[in-house]
Amino acid sequence: MNTISELQQRIQRLSDEQLSRRTLMRRAGLLGISVAGVTTLLTACGGDDDPTAAPAATGTTAGAPDPTATTGADAPTATVEQVAGEPKPGGTLRYGSRGFGLIPPQIDHTISTTLLQLNVYDTLISYDPEGFLAPALAESWETPDELSYVFHIREGVTFHDGAPLTAADVVFSFDRILDEETGATRRPEFARMASYEATDDFTVAVTMQEPYATFLSVLANRAATIVSSAFQGDYDREMNGTGPFTLESFEPDVQYVLVKNPDYWQPGMPYLDRVEVLAIPDDSARIAALRSGDVNFAEYIPSQFVAELDADPNFTVFSGYDIYNYIRINVNREPMTDPLVRQALNYAIDREVVIDLAFVGLGVPMTVGLIPPNDPVWYSQELDGHWSYDPDKALELLAEAGYDDPSELSFTLESSSEPNHLDSAQIIVEQWRAIGISAELQPLESAVRVDKRFSGDYTIMFDGAANPWTDPDFYSLYISSEGPVYAVGIGFSDDEIDRLLEEGRSVADVAARQAIYLELERRLLEVTPFVFINFRPQAEACAANVKGYVRVPGVGSASPQFMEWLWIDDEA
């Protein structure tokens, strides 16, 4: 098994790489070098830690699981520090949260925060600090063939109420997720299992209906947590997991308090005694709380504060481009029913201007689809640059759609009032108006926007998202006819897209899957259910004496799920 010293060395290296990248990005900005130029420099230097790089799944090929691979207990399950020094137990982390998700814990859905769910509960599989799939409650697994998985459940683990974890709890958790009355977010993915059973007290065997290349990543998702079969409480109000912290108290929209689980299955962890998560929705107030010491960790650092905090030795900033902005289009509402109109809206946007004005030049244009452009396995290089800024082409498409006078195209773009959304939305509306489109802007409260996502009660709406896993099958959540994130709400359906998604998840060979998803994205460009904008910067910051935080590649802004790694150095 890897020693603590070996893990420390890995985290030291990762931290040095993160700090070097941040310094390079800041200096490049001062020198007028673009983000694309920085990416080129990193690549030329042999760096494979680009902020949008996708992690590889378990196996021999980056991004694609080997169907015969075995992942054992020797794989790392945790990190211990971000910089040199021995982790020290004790202390309280006061976490400044944007406030979204400070709601009653709902473990079967993705509307509660990852910070809450995955610090109280565990999944069978998790991620290591480099973004590779790694053992969690399953200490190892085998895939004897492309339909079979055998999971060996970690022995000696207890739930917070003292009940022991066994294979029966895994089966019970799968049953809950598949029960329609539960309303679990991951039910469609779990429904791809043909059977599952506990073959002994600590072994679970799963057989799939057909090959499903994304299954291990699904098991690492926050809505796939393992719960106790003996627990009799209300899962929407109480929490009883196996994670590093227990939920001590909860006040909706104000705060929740996590306290150390002394019986956590990872020896010596967590280091912190307590995590107090405070709702501070105003960006300026959250930054002020960090600077004053009222909190010692803050999420959602706005772009305009990143360089300033990064230059201050009292703080450490972690950033990446794992979140993107896009515009949802209700393809079944006029005037958005014509794909030519939807394509025209894409060509009428200058994404570089949006990035420069809304994100102080920090961002990556989205010129194909939802896969980051330097995902080394799945990004469609053949389609790179498709959504270029071409106002003349936009006008041609509008004329072909019957809008010889573009002012006859009239609609209202809805957007949340959050600066990460509203600033870009204002710029885009002005760009549409510049070619004559009659576009208006309507700000929304964030809660209203969330409701509209699922009800489909919008014509065109600005939104932001992060992919739940790096395998391109994540597209199913959006554009399959049963996709809960987009398609179901508005009644979107495309037979060709459904066929390609089904084919893509059923094939194990990487090259074959790449060809399938290239075809899928070609079809996506034709159908155009979204306005594709940019991958935007996302950052967290902590006081300099808070150690152990790593922004895990591919996990990105969900990295606070690993609070067991953090510790406070009182001598720093």
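This section describes the overall make-up of the chain, its nonpolar cores and two of its helices, as seen in a predicted model.

The chain comprises 572 residues, of which 58% count as buried. Its secondary structure amounts to 17 helices and 20 strands. Contacts across the sequence are prominent in the following sense: among those between residues at least 6 apart, 71% join residues at least 24 apart. The exposed surface of the chain is about 21500 Å², and carbon and sulfur atoms supply 49% of this area.

In soluble globular proteins, nonpolar side chains tend to be buried together. In the present model, the largest nonpolar core contains 141 residues. The members with the most contacts inside this core are Leu124, Phe151, Trp432, Tyr478, Ile479 and Tyr486. Helix H17 gives the most to the core, contributing eight residues. A second core of 15 residues is separate from the largest one and includes Ile280, Ala289, Ile301 and Ala541.

The surroundings of Ile479 illustrate the packing in the largest core. With residues up to four places away in sequence set aside, Ile479 touches Tyr486, Phe492, Ile497, Asp498, Leu501, Leu520, Leu524, Pro529 and Phe530. Two of these partners, Leu520 and Leu524, are listed among the buried residues of H17.

Helix H17 spans residues 510–527, a run of 18 residues. The distance from its first C-alpha to its last is 25 Å, close to the 26 Å expected at 1.5 Å a residue. At the start of the helix, a side-chain oxygen of Asp509 lies within 3.3 Å of the backbone nitrogen of Ala511. The buried residues of H17 are Val510, Arg513, Ile516, Tyr517, Leu518, Leu520, Glu521, Leu524, Leu525 and Val527. An α-helix has 3.6 residues a turn, so residues three or four places apart point the same way. Arg513, Ile516, Leu520 and Leu524 are among the buried positions of H17. Cover for the buried residues of this helix includes helices H9 (339–347), H14 (475–479) and H16 (495–505), together with strand S18 (530–543). After the helix comes Thr528, which has a positive phi, near 50 degrees.

Helix H12 covers residues 419–434 and has 16 residues. From first to last C-alpha it reaches 22 Å, close to the expected 22 Å at 1.5 Å a residue. Its buried residues are Asn420, His421, Leu422, Ser424, Ala425, Ile427, Ile428, Val429, Gln431 and Trp432. Of these, Trp432 also appears among the residues with the most contacts inside the largest core. Just after H12, Gly436 adopts a positive phi of about 100 degrees.

Conventions. Residues are numbered from 1 along each chain as its sequence is written. This is a predicted model: local features need pLDDT of at least 70, side-chain atom pairs count only at pLDDT 80 or more; totals for chains, interfaces and linings use all residues. Side-chain values use heavy atoms; hydrogens and water are left out. Helices (H or I, at least four residues) and strands (E, at least two) are DSSP runs, numbered from the N terminus. The expected span of a helix is 1.5 Å times one less than its number of residues. Buried means under 20% relative accessible area, exposed over 50%, partly exposed in between (1.4 Å probe, protein chains only). Contact means heavy atoms within 4.5 Å. A polar contact is a pair of N or O atoms within 3.5 Å; within protein, one must be able to donate a hydrogen and the other to accept it, and residues adjacent in sequence count only if both atoms are side-chain atoms. Accessible areas come from the Shrake-Rupley method with a 1.4 Å probe; for residues, only the protein chains shown count as cover. A nonpolar core is a set of buried Ala, Val, Leu, Ile, Met, Phe, Trp, Tyr and Cys residues joined through side-chain atoms within 4.5 Å.
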